[in-house]
Amino acid sequence: MESKVVKADGTPQAVTKSPSGFRIIWREIVRDKIALVSLIILVLISATVYGVSLFLEQDEIVKVDLFAIHEAPNDEFILGTDYGGRDIFGQLIIGTRNSLSIGILVTLMTGVIGVIYGLVSGYFGGTIDNIMMRIVDFFLILPFLMVAIVFVAIVPKYGVMSFSLIMTAFLWMGIARLIRSKALQEKELDYAQASKTLGSSNFKIMMTQVLPNLSSLIIVTMTLNLAANIGLESGLSFLGFGFPESTPSLGTLLSYATNPQTLEFRWWIWVPAAVLILVLMLAVNNVGQALKRATDARQRRG
Amino acid sequence: MAFLKVEDLKVHFPIRGGLFNRKIGAIKAVDGVSFEIEQGKTYGLVGESGSGKTTTGRAIVGLNDITEGTITYEGEELNKKGKAIDPRRDIQMIFQDPYSSLNPKKRVLDIIAEPLRNYEKLSRKEEKDRVHELLEQVGLSPESILKYPHEFSGGQRQRIGVARAIALKPKLIIADEPVSALDVSVQAQVLNFMQDIQKDLNLTYLFISHDLGIVKHMCDEIGIMYKGRYVESGTKQDIFNNPQHIYTKRLVAAIPDIDPKKRAEKKQFRQEVQTEYEQSYNDYFDNEGLAYGLQSVSDTHSVALPEKG
Amino acid sequence: MSKELLEIKNLKTSFRIKDDYYAAVDDVSLTLNKNEVLGIVGESGSGKSALAFSVMGLHNRAKIEGNIHFKGQDIANISPAKLNKLRGDDMAMIFQDPLTALNPLMPVGDQIAEAILLHKKDMSPKQRREKVIDLLNKVGIPRPEHTYEQFPHELSGGMRQRIIIATAIANQPELLIADEPTTALDVTIQAQILDLIRDLKEDMNAGIILITHDLGVVAEMADRVAVMYAGQIVEIADVETLFESPQHPYTRSLLNSMPSEDESQDKLHVIQGIVPSLQNLPRKGCRFAARIPWIDESAHEENPELHEISPGHFVRCTCYKNFYFPDESKEEQVNGVS
Amino acid sequence: ACNGGSEESGSSDSEGEGSSEGSDSEEEASEDGLYSIDDFSTDKTNEGEAIEGGNLNFGLVTDTAFEGTLNWNFYSGTYDAEIIQWFDESLLSSDENFLYTNDGAATFEPSEDGREFTFTIRDNVNWHDGEPVTAEDWAFAYEVIGDPDYPGVRYGEDFTNIEGMEEYHNGEADSISGVEVVDEKTLKVTYKEATPSLLTGGIWPYALPKHIFEDVPVADMIESPEVRENPIGFGPFKVDSIVPGESVTMVKNEDYWKGEPKLDGVTVKVINPSTVVQALETGEVDTVDSFPVDQYPDNADMSNVEFLGQTDMAYTYIGFKLGTWDADAKEVAPDDSKKMADVNLRKAMWHAVDNNAVGEQFYNGLRWNATTLIPPSHPEFHDSENAGVEYDPEKAKQILDDAGYVDTNDDGFRETPDGEELVINFASMSGGDTAEPLANYYIQSWEQVGLNVQLLDGRLQEFNTFYDRVGQNGNDDPEVDIFQGAWSVGNDINPAGLYGRDALFNFSRYASEKNDELIAEGISEDSFDVEHRREVYNEWQQFMIDEVPVFPTLYRAELVPVNNRVQNYSIAFDWSELYNIAVTSEEAPAAE
Amino acid sequence: MWKFIVRRLFITLPQIVLLSVLIFLMAQMMPGDALSGLIDPNIDPAAIEEQREKLGLNNPWYEQYSDWISGALKGDLGQSFVYKMPVSDLIGQRLVNTFWLSVATLIITYLIAIPLGITSGRYNDTWADQLITSYTYVGFATPLFIFALVMLWVFGYMLGWFPTSGSVAPGTEPGTFDYIVSKIQHLLLPAISMALITVVNTVQYLRSEIIDTKQKDFIITARAKGASESRVYNRHIFRNSLLPIAAFFGFEITGLIGGTVFVENIFGYPGMGQLFLQSITQRDYSVVTSVVLLFGIASILGALISDIILSLVDPRIRIK
Ligand SMILES: Nc1ncnc2c1ncn2[C@@H]1O[C@H](COP(=O)(O)OP(=O)(O)OP(=O)(O)O)[C@@H](O)[C@H]1O
Ligand SMILES: Nc1ncnc2c1ncn2[C@@H]1O[C@H](COP(=O)(O)OP(=O)(O)OP(=O)(O)O)[C@@H](O)[C@H]1O
Ligand SMILES: [Mg+2]
Ligand SMILES: [Mg+2]
């Protein structure tokens, strides 16, 4: 791909400096108005959520107030309260922070594990690859939900970190497979072969030659994964295996909607969370899709 | 003692299948190839696609495992583990595709410095100086050092590849179709340049190509491969003026002539060769369609013919 | 009726890049007669394929200006339906890469049959099949019945190229455009394919445009040769003239850079620089001037035109008159990147 | 009949239980959005003219499938029981105090010493297949449950108390000496000990049709088609078809011993709790087994139903760990060194929580302050005079100060009298919307009086985990200091199963001689005298208030909405006239 | 072909065994057991203990496991502790429901996805494409369970078009026409809800596949033959683009398993997903193990089916 593009318009004399991969990506996002808006929204939400939550005490927010149960939005509680008399707005802020943190943590951890695993498997190929892929296959058939449930039951402190770890244990395979197939292709390319003849060790080739060439793929996949991962926790919470209420998250807020009374009569508890999830996922997805276009020359806009 | 000696080289790739992914057969990519190269010379390896040229080259630099046979470099057998000095430093490779052989994410500096970093402990400054020196040697301006490969034309890229290959001052370079991805005009540039540095650095080339015109231009000795085996080897003159094997003849006849006036003549010749090829195919190839062992017909010239008698 | 099969007049094919159009084929005029092979040579990116695609009407997002008369009909701006009637029937094309040019999921026989089906609607499937087998025979495929059912990936490069040729000649076209038909093939196979095209030409009495960057192929195949550089024709002449007395600096450089038969010359000629990209093409003055900097600027025309220097031999720009190869010893100094 | 919560609820005049008039005011909350159980009736008001036949749709509110062991002798899930009651019934009926009466399908006659019971089954009581229900069938039930291969969970003290049962169960005897078939319709059962509990559910009142189950091995009965696909009984309706886990359709049993049912049939089907309101509003179901009380306030004005209500046979409590379970001796081992061993501490913690506020705020008055460990659902034994312990944080502080629990290091929390940090670990169960805020509320309340109570692991415990840690297997988790649980109580009020010395379910592991005495006295022969028994239990209730091994927190209301078209319906515990139910229209009206 | 299938199954065997051991271990790690749910002062703890002993719940896990696996090898998946019936019977009932739900979902998914994907891919960057793409984005961002809840509300209750729980109307005779109609009515809404969300992936995939194929050289060849635009699309582009979708089919099965857990719970549809959750909360180990194993086998089979389909429709891939 790359070579074709260059072959057609790579004139060293005239092109002072062709943009690097990151620059292309950035340009693409800026050009794509929706993606740009999405990115701005994302940054704003994250800044607000992480910023404001610095001033909010999680313990204070989840403090039960018997005399403020189920209040509709009013001056004191901008978004009303839940059945514990707890401020929804505060929960929303902290909840978004927690959900975002999970999304990011899981994405990063699955990313790191998946990339390394896939890289090793794809790079070495042969029997190693065979064995490693069987392991992946095995993980793929594990009943994710059940394991999560077991963990919820037996892990005493169930918080953002332990939750992310469990999720990670089950979500690294996708990216590992993707990276593996790319690494399989990439290592056959002459530049990787050239490195070998130049005396570079396998590890060095993997890390310094092959990996950088997968970077745009990794960025795109991780962004799209981030979108999916933000929604993950809400699903488990819905089934009742998410966080305790003392750790608010978008999922816990959303899962209040399983109570039909809340769903019908107390929109302020779950609608903001639903909207936020939707907005977050849409925004991340938009950015991800723009990144995807940026890395795929054929789909690049202009 | 020959500079590089390849003896009865075999490289087989397993074909896997069956119930437990067992080996059920082998692709005999290289199947008993022997040749010698003298220092400072250019040895050409010619053959049609899939005949095993690349595999031979890769086996010499150590990218492919050898199934059988030996490769001796300056009297030392390659592929023997536990040697004090790594002779591979002396053997480098230039790749066919200048677009894929340079890591698109690396700057020229990093690309060229890679072998230096692996083998020589240089300071930043020394390293940079060496790279500058190498760039100069291959005729690229020093400011290229911070650019990415895609900012160069094909010919320039191939020069970067060469700079990298000569960084360790190798003695033997395997050039696997170094110009076939390039335009005619650029081809010339690279070929000229390769000849120049050969003189300057006293390099030995194993020049792999399927373009007979270029091989003729570059090489002193030539080996013709067919389905993993040699069909003929000899000096340039032997091959072009006195081809013995029908396959070689066919190859030579197929080269288009630049002179339009010889068109008819050429066609005539080609047809003759074709007729001969069809008639005497069985004299030159065994039942499996493979070439026989080499028989020397002169000091320099040997041809794959069935043993007489 | 004139014997001209195809007449291209002032053809300009422009691609949209960012917000502007850039001409990849710039003011090209050509004629092609029946039973004639016109070779087009030039470096990569010089616009050869763009020209061929324009004739076939295969560009979907390019702007095409000028006229293309095919059998007296202007096909440059013609309705898709009418064009579809011509394509594959009266004019056909052979592509460079025989693997990607075939649908990987269709038996090759069906792919040939499609060309017939589209233009000979009254043929029965059985007749069609026979015709395909016939064609396969014609292009020298050993077991046509067997091959009919095979898929592209099961065939070698040479075989695939034969399939493509069979598809192209299925309806006895009067115009055949071959865009680098042998670049991807081994020399021995190349020779066979070229022979095949030549035979077919004689059979069909067709006009052929043969696009290549291999001067040897042109020398063997063409009756007339056009040399393209940066979207323009810089020289056109019949094949003997061109190889015997090339005039344009580009043509001469090109010939000089080939390793030649006689080994008198140790060093090959190098053309400095590379073909500029579409956006960076100099649109004024001699487009080749930048690559022969030792020739004085005054030697070039301001608006280079084709000059007929002998009957049928045209050369663009007057710089050919003053052109010489620089001193051999200086020549190796190739420009660095600036 | 009960007093809890009614003072604070400030409801308009409370009407007597069972009054059928004034339905208008019943479902109206007073101005502060509170409801009172006193405003609900257990009986459906009849409106309009009943039609001939018609079908009733009965919803089982659950998000799981029912198990489908449709026989009294084998079932273990409550949903199965809700289904079985339509087609099979107890041979003995009981009154509002859960005492067996002689109005049922069988009558009984206790002997002088109260150890021997002679039962006589009425003549017109026949199985759905026309076979008469015989003494053999009843005895057969005893034999099956007592069989060593019996796969259910009913074999317990009620059975081991029968003479010869243990020998039979251990395989030492071929028959149960205490169970004797006198004639076709007469059965005699002899017990080892006579206790008043026998008459409140201590007798197994269900028969098992021998002619059907005779040839089925006992171990296989529970999965036999006779239990799962074509269950049989002698109740007012006959099972017609079953969609496993989802629904059961029944048609009337014309041969029902009390008379032909008015309805043509009944359909019982599973309704998800989250959609139960819609199912009622649309008339998809006429009524349900129980209605999620937390959904009531938002739907109190549902126009097509009448809400029936009564005090549930259950209470919520907070327990204090006072010892451990001695598995070898199979009894409670009290331990004075436990963190909660000081009764003052426990008492103070009770004073510190405002259960009336909890009931009003979390449950809109549909749960209310509990006073004693015998809930008002058992009016005969619930001591309505006993006011329990009132909410008084100042008093709580006072008690703690006096007992030496003071804050010595100024961290805002009290230390133990020995000056050590006091951190109390609180285990509470998850499930239900209010579980978490409720637990937090308690913690906050205790913090108000200076006690540092922490939620165990910082979160609620899932059901199974909770009971594992609290000690359902006898392995009490030493981490747990206090816990919040709930008990639903049986017909028999004998507290031995929950607070006795040898009760595994005595999770607080409290035992004392006085307690042993009182419990024993409650089921002594003297206690056949209800008056005496009441006195004993009043004393026990007060004793538990003084000792506080656990303290009750909330009593609860049970609400059941019934479509307006339904007639002759009641949720009273002693009501058993299913055959009398009628409807006024073919289709159930939907809500406006 | 058969050899290939056998080989694949052979490879998966150890996976399945490992899986079963793992599930067993996990089941043991979960607090409580199937009888914990019976904490009821009306039931004698001794009776419960006796049952535990009888059911072997007090045995060490490996004994329980070997009992179970040796039964499983004979086709006996054991007894459900909660339902007191053979697990195979229990699963049998649910499997049928889930099977039909999945089939309906798949059919609806493809019925929606293919036209949308084709439109979006063929006319890319038109308003129609943008509309469809927006839908896929929103669909991607919408949690399935919220969507399903809303669907249940709107179509089940507000409009009353569909039944709201169960798999069949009570009292309908199996085998009758009414029964079949009722079954279909019951699974339509869950299937549509699930399909509308899962369709998103397929549409996106199909779209990019078509855009990809559009730029292939052989499309130019087809045009050069004189094929009209519609023929080019129908004959070459769609056929080639639908191929990877067909191969996706098997993997969809794996995805469906996750979806059914949510959807069956929301719609009160008694299938495997519901059974799974329920038996986990009830600690009905033998059922959990069997259900998970079936899920595992289903996803393995799904992958296998994908490979087989791919090899059938794509001549480039040959399975020996
Ligand atoms: N890693 C490999 N695994 C299996 N087969 C291989 C491998 N590398 C090469 N081959 C096979 O070995 C044979 C020889 O390949 P090789 O690349 O050496 O040919 P070549 O002469 O260089 O051809 P070309 O002119 O196309 O480069 C071919 O049939 C090829 O398919
Ligand atoms: N669809 C397109 N959009 C934009 N630019 C194009 C397009 N097709 C070709 N070009 C540009 O037009 C110029 C001429 O391309 P063309 O393919 O005709 O060259 P060519 O002479 O056929 O080269 P080659 O020998 O590599 O095939 C090149 O600069 C190319 O980058
Ligand atoms: Mg090669
Ligand atoms: Mg081209």
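## Exercises on a predicted multichain model

Of the 302 residues in chain A, 58% count as buried. The model is a predicted one, and the exercises below move from this chain to a ligand site and then to an interface.

**Exercise 1.** Describe the fold of chain A by its secondary structure, its contacts and its exposed surface.

*Solution.* Begin with the secondary structure, which comes to 13 helices and zero strands in chain A; read from the N terminus, the elements therefore run α-α-α-α-α-α-α-α-α-α-α-α-α, where helices are counted as DSSP runs of at least four residues. Next, turn to the contacts between residues at least 6 apart in the sequence of chain A, of which 70% join residues at least 24 apart. Finally, consider the surface: chain A exposes about 11800 Å², and carbon and sulfur atoms supply 67% of that area.

**Exercise 2.** Locate ligand 2 and work out which residues surround it.

*Solution.* The first step is to place the ligand, and ligand 2 lies between chains A and C. The second step is to list its shell, for which a residue needs a heavy atom within 4 Å of the ligand; 13 residues surround ligand 2, and the closest are C:Ser44, C:Gly45, C:Ser49, C:Ala50 and C:Glu180. Sorted by class, this shell has five nonpolar, five polar and three charged residues. Sorted by element, the largest share, three residues, comes from helix α1 of chain C, which spans residues 48-56.

**Exercise 3.** Identify which atoms of chain C lie 3.1 Å, 3.0 Å and 2.6 Å from oxygen atoms of ligand 2, and state how much of the ligand the protein buries.

*Solution.* Apply the cut-off of 3.5 Å between N or O atoms for a polar contact. From the backbone, an N or O atom of C:Gly47 lies 3.1 Å from an oxygen atom of ligand 2. From the side chains, an N or O atom of C:Lys48 is 3.0 Å from an oxygen atom of the ligand, while a polar side-chain atom of C:Ser49 lies 2.6 Å from a ligand oxygen atom. Taken alone, ligand 2 exposes 630 Å², and the protein buries 69% of that area.

**Exercise 4.** Characterise the interface between chain B and chain C by its residues and its buried area.

*Solution.* Count the participants first: the contact takes 40 residues from chain B and 48 residues from chain C. Interface size is often given as the accessible area lost when the parts come together. Between chain B and chain C the buried area is about 3700 Å², of which carbon and sulfur atoms give 54%. On the side of chain B, the residues B:Val184, B:Ile258 and B:Arg263 supply 17% of the area that this chain buries against chain C, more than any other three residues.

Methods:
Residues numbered from 1 in each chain as written. Chains lettered and ligands numbered in written order. Predicted model: local features only at pLDDT ≥ 70, side-chain atom pairs only at ≥ 80, totals over all residues. Heavy atoms only, no water. Polar contact = N/O pair within 3.5 Å; in protein donor to acceptor, adjacent residues only side chain to side chain. Areas by Shrake-Rupley, 256 points an atom, 1.4 Å probe, with all protein chains shown as cover. Helix = DSSP H or I, 4+ residues; strand = E, 2+ residues; numbered from the N terminus. Nonpolar A, V, L, I, M, F, W, Y, C, P; charged D, E, K, R; others polar. Buried < 20%, exposed > 50% of the residue type's maximum accessible area, 1.4 Å probe, protein only. Contact = heavy atoms within 4.5 Å. Buried area = accessible area lost by both parts, 1.4 Å probe.
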